[in-house]
Amino acid sequence: MQKVFDVAVIGGGIVGLASAYKIQKNKPNFKILILEKEDLLAPHQTGNNSGVIHSGIYYPPGSMKAKNCVDGRHELVAFAKEHKIAHDICGKLIVATEPSELPFMKKIYGNGQANGVEDMQWLNSEEIKEIEPFCEGIEGLRVGCTGIIDYRATTEKLAELILQIQPDSELHLGEEALKFDHDGDFKLIHTNKGSHKAKKAIFCAGLQADRLAKKDGVKLKERVVGFRGDYFELTDRGHHKVKHLIYPVPNPDFPFLGVHFTRMTDGEIECGPSAVFTFKREGYKKTDFDLRDTIDALSYSGTWKLFFGNMKFGIEEQIRAFSKKRFLKTLQRLIPSLEMDDIRPGRSGVRAMLLNQSGDTRDDFRIEYTDESIHVLNAPSPAATAALSIGNHVYNMAQEHFNWD
Ligand SMILES: Cc1cc2nc3c(=O)[nH]c(=O)nc-3n(C[C@H](O)[C@H](O)[C@H](O)COP(=O)(O)OP(=O)(O)OC[C@H]3O[C@@H](n4cnc5c(N)ncnc54)[C@H](O)[C@@H]3O)c2cc1C
């Protein structure tokens with residue numbers, strides 16, 4: 001007889017594993033099936049992100065991002081300490097280089113206060129230099145509770161703990177969920193390797209979230225688009241110019257934090273990511289192209305509205321993608337002494353953003369339910385920081401709507 005799982009979780013990124021972990025912790029007898037289409041955990045957004053534990057300072061008070069980022073950060077740091085995952089609460093600087101940026105930096109500071117972000121300090125230019133001697137700014141904001149972590153190791157640890165709590169739960173790597181139907185009260189999940197029976201399903205498919213939601217019968221007007229972020233890294237020659245994390249004041253018109261400097265847990269210092277619209281959702285090279293992704297993107301009115309509404313920004317990002325000199329110029333706004341030989345090209349990551357028909361990216365997290373499924377439809381940054389709190393949200397939603405006692 002075919003095994004019946006209580007829940008199938010589709011997607012082996014940090015949101016999928018954190019959701020599965022929270023369900024498993026609360027329901028230790030549940031048999032959970034986790035499907036990840038690639039051959040390792042965290043192969044896409046989670047494993048290619050900046051590795052920052054965000055404080056929660058940027059997000060509008062009352063938003064899902066604000067609440068889940070602050071709560072998730074506290075849980076994540078405790079989890080990392082308990083399970084010895086490489087992390088460091090090294091703090092970060094947000095640095096204004098022009099007077100026009102100060103009102104937004106004040107707004108961010110206010111958000112931080114309203115969101116319960118601890119350990120923030122407003123700095124003058126000398127105080128900035130005491131922390132980051134090569135950084136030039138007119139005023140800065142130090143956020144002491146920001147940190148760095150290894151998100152892939154966190155995801156792997158969550159998987160390990162799930163299987164420890166319930167050895168009958170299963171993690172299937174290299175298995176892609178393709179379509180869904182029913183067998184009586186059960187959900188049938190057809191994959192490239194066979195089919196599985198589950199009572200309920202939780203979808204955490206990141207860059208593929210909209211496609212799986214539609215296949216599962218969700219009427220979704222929005223579409224996921226991918227923004228590739230390219231990184232450079234500091235060479236040995238430039239390495240001493242950055243100690244921790246240095247961010248610009250973000251442009252309030254865009255849902256990205258701006259190109260920043262990040263010390264990673266392995267000691268490398270990365271600069272990035274840029275934000276280039278990509279024609280391959282899971283493509284990491286500058287020239288990557290996928291016909292289906294391109295048709296999907298270009299046949300959607302929201303994409304064109306996004307292009308026309310942000311033409312100047314889009315063109316600048318495309319040029320910067322192919323010009324080290326332009327990238328360096330952006331970095332020099334924060335560290336003017338950086339030179340061409342101080343940086344070398346690094347890796348890339350692709351962010352999934354849910355784009356509405358008016359061309360606006362849905363900024364807040366979005367998680368919806370049907371009678372038998374929960375869909376995490378939008379989980380952009382800071383969803384890695386927030387993952388354990390998103391996991392609580394998913395569990396609470398399941399408990400309420402699936403009538404779990
Ligand atoms: C460049 C970049 C920098 C970022 N920096 C930060 C940061 O510093 N801090 C932070 O908190 N957040 C950051 N983020 C955001 C964060 O990484 C994401 O919000 C988070 O990783 C989302 O996790 P996820 O599990 O939803 O998605 P993913 O990690 O993308 O996981 C989704 C998984 O679903 C799998 N999947 C898809 N379809 C199927 C299918 N049909 N069957 C089986 N499996 C499937 C995919 O293979 C994938 O592994 C960044 C993101 C990027 C891209």
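I will talk through the nonpolar cores of this structure and then the surroundings of its ligand.

This is a predicted model, in which local features need pLDDT of at least 70 and side-chain atom pairs count only at pLDDT 80 or more, while totals for chains, interfaces and linings use all residues. Residues are numbered from 1 along each chain as its sequence is written, and side-chain values use heavy atoms, with hydrogens and water left out.

Let me start with the largest nonpolar core, meaning a set of buried Ala, Val, Leu, Ile, Met, Phe, Trp, Tyr and Cys residues joined through side-chain atoms within 4.5 Å, where buried is under 20% relative accessible area with a 1.4 Å probe and protein chains only. This core has 43 residues, and those touching the most other members are Ile23, Leu158, Ile202, Ile374, Ile390 and Trp404. Among the elements that each supply at least two residues are strand E1 (4-10), helix H1 (14-26) and helix H11 (383-401), these being DSSP runs of at least four residues for helices (H or I) and at least two for strands (E), numbered from the N terminus. H11 gives the most, with 10 residues.

Turning to the ligand, 40 residues surround it, the closest being Glu36, Thr46, Val52, Ala379 and Thr385, where a residue counts if one of its heavy atoms lies within 4 Å. A ligand oxygen is 2.9 Å from a side-chain N or O atom of asparagine 49, and a ligand nitrogen is 3.1 Å from a polar backbone atom of serine 50. The elements giving two or more residues to this shell are H1, E2, strand E18 (343-355) and H11.

Terms used
Buried means under 20% relative accessible area, exposed over 50%, partly exposed in between (1.4 Å probe, protein chains only). A polar contact is a pair of N or O atoms within 3.5 Å; within protein, one must be able to donate a hydrogen and the other to accept it, and residues adjacent in sequence count only if both atoms are side-chain atoms.
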